[in-house]
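Hi everyone, thanks for coming. Have a look at the model on the screen, and I'll walk you through one part of it.

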Amino acid sequence: MTRIAFVSPLFLLLACSGGDPASSDRPDSGADAALPEDGGVVPDAGHPEDGGEPGDAGESVDAGKPDDAGLPEDGGEPGDAGLPADGGDPTDAGSPCDVAWTDVQFGGALDDEITDLRIGDDGTLYLTGYEGGLTGVTNIEPTGDALGFVRALHPDGSAGWKTTFDTTGTDTVESLALVPGGFRIAGRTTGAFPNHTNQGQQDTFVAALDAVGTVTRIVQTGSVKPQHPRRISTFGEFLYVGGQDDDYVPTNTNYVESWSDTTLAAFEEHADGTVRAWDWALGSAGTDFGTSVLAVPGGVFLSGMSDSGAQRGPFVRRFSSDADFLWGARLTQVALDAAADLALTPGGDLLVAGSTLTQVGAVSYGEMDAFVMRIDPVSGTLLAKWQAGGPDTDWVTGMDVDAAGNVYLTGVTWGKIDPDATFHGDEDAFVLRFDASGQRTGWWQEGTPGLDTPSAVRVDRCGRVFVAGYTEGPLAGAHEGRRDAFVRRVTFR
Ligand SMILES: [Ca+2]
Ligand SMILES: [Ca+2]
Ligand SMILES: [Ca+2]
């Protein structure tokens with residue numbers, strides 16, 4: 001059960017629930033995105049359409065060209081605000097989009113992973129992850145003396161600054177958010193940072209970094225259970241961390257006291273410190289995960305999944321910044337289905353991407369498929385949904401949206417994501433591109449004989465698409481051993 005449990009709970013779920021998941025499907029279709037609990041409370045604390053798109057709302061650059069992999073020809077994109085001058089980009093020599101790229105693989109003999117990827121306006125890539133860990137040892141991955149990192153890569157893939165988080169225990173950085181003047185990151189540690197005490201097993205930490213990676217603030221928080229932050233998202237002074245408390249096996253015992261529970265932690269940043277403001281948790285009798293958070297003006301969306309109980313299946317919920325529950329949407333009724341990631345369209349609709357065993361779109365392609373649902377962010381009403389995949393299991397781990405509304409999904413496939421793809425064995429990485437209406441306009445699959453597992457896909461302002469995660473082979477460079485971190489540029493077919 002050690003394979004992709006760290007990035008995705010698929011194997012864990014498969015192990016925990018013996019029954020046929022399809023039998024839990026209900027005739028009332030997976031589309032009732034507005035749940036009974038959404039009592040119409042719509043204080044409309046802010047339209048998410050201004051949640052982070054700096055003015056590039058309606059570009060239709062290369063919206064439908066199936067073969068456009070973000071080629072340099074769109075370097076003169078009219079909405080492109082990412083001029084090299086605005087970030088001190090060290091590699092600028094002409095058009096910021098006319099930069100060669102060399103794929104990146106790094107790590108040592110032990111396990112190394114990239115957990116998240118963001119791209120700045122100037123084309124700099126920012127990675128989070130860990131190095132020197134061990135997977136496959138306990139139910140918590142990684143273990144060992146892993147150190148967490150945040151790294152910058154120049155737009156050509158060459159190394160920029162690197163900041164590490166390294167107590168005497170196991171440390172990882174799980175996610176980062178770009179904020180004016182720097183970054184906010186979430187990670188976890190079995191140790192203790194200066195002036196903090198570990199609350200038991202693994203704690204969450206959140207940190208503020210300036211634009212060159214200097215840590216200016218760090219807060220460690222937790223409980224006796226193993227905290228597992230998965231994604232961080234910020235708006236204004238609010239900082240949200242979504243994830244789960246992993247399966248809790250009390251120290252020096254070998255029984256599971258509680259299966260994992262979805263968690264959402266809200267923090268407020270003040271001049272004199274970062275305060276944990278409120279928490280929300282979902283703990284069914286079974287296994288619950290949180291997968292992503294997306295902060296918007298006035299609140300936050302949380303995605304996750306629950307494998308048992310009346311609300312089993314993938315979900316998204318909206319909360320106000322004061323912890324009021326605004327609405328919840330149960331996306332399917334299948335316990336093994338998962339919501340993986342959240343994004344906003346240029347028009348402000350909420351997109352949820354995930355994986356499903358059932359049919360939510362026009363066609364089911366076999367085993368698990370990728371899905372995307374477009375949801376009214378105010379009411380939770382389902383607006384559109386689509387499905388894609390190959391005949392084998394396809395498991396989504398990340399999503400991004402560009403200024404034209406094209407949607408990019410990444411994940412792993414156990415077969416061919418397209419009939420023309422080559423499957424390299426075990427799991428391969430894939431990326432799918434869709435236009436705003438859900439038509440698939442491109443695919444990409446690469447792999448090695450081992451695991452090739454992306455954690456995030458991001459498109460930059462030049463239309464360049466990058467995928468990052470871990471590989472057990474020479475996916476993007478020389479293989480140093482066990483899992484290595486990788487970043488690859490995607491060329492669509
Ligand atoms: Ca499939
Ligand atoms: Ca593979
Ligand atoms: Ca390695």
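Let's start with alanine 208, whose bridge partner in S9 is arginine 217. Phenylalanine 205 has its bridge partner in S9 too, namely glutamine 220. These belong to the pairing of S8, residues 203-210, with S9: the two run antiparallel and are joined by six bridges. By strands I mean DSSP runs of E, at least two residues, numbered from the N terminus, and two strands pair if DSSP finds at least two bridges between them.

Between S8 and S9 the hairpin has four residues, and glycine 213 there takes a positive phi near 90°.

Now, the wider sheet. It is open, with four strands in the order S6-S7-S8-S9 and antiparallel pairing. S6 (171-179) and S9 (215-221) each have a single partner strand, so one side of each has no neighbour in the sheet.

A word on confidence, please. This is a predicted model, where local features need pLDDT of at least 70 and side-chain atom pairs count only at pLDDT 80 or more, while totals for chains, interfaces and linings use all residues. Residues are numbered from 1 along each chain as its sequence is written, with chains lettered from A and ligands numbered from 1 in the order in which they are written.

pLDDT is the predictor's confidence in each residue, from 0 to 100. The chain's mean is 85, and 81% of its residues reach 70 or more. Over residues 1-92, though, pLDDT stays under 50. Where pLDDT is low, the predicted coordinates should not be read in detail.

Technical notes:
Two residues are in contact if their C-beta atoms, placed from the backbone, lie within 7 Å.
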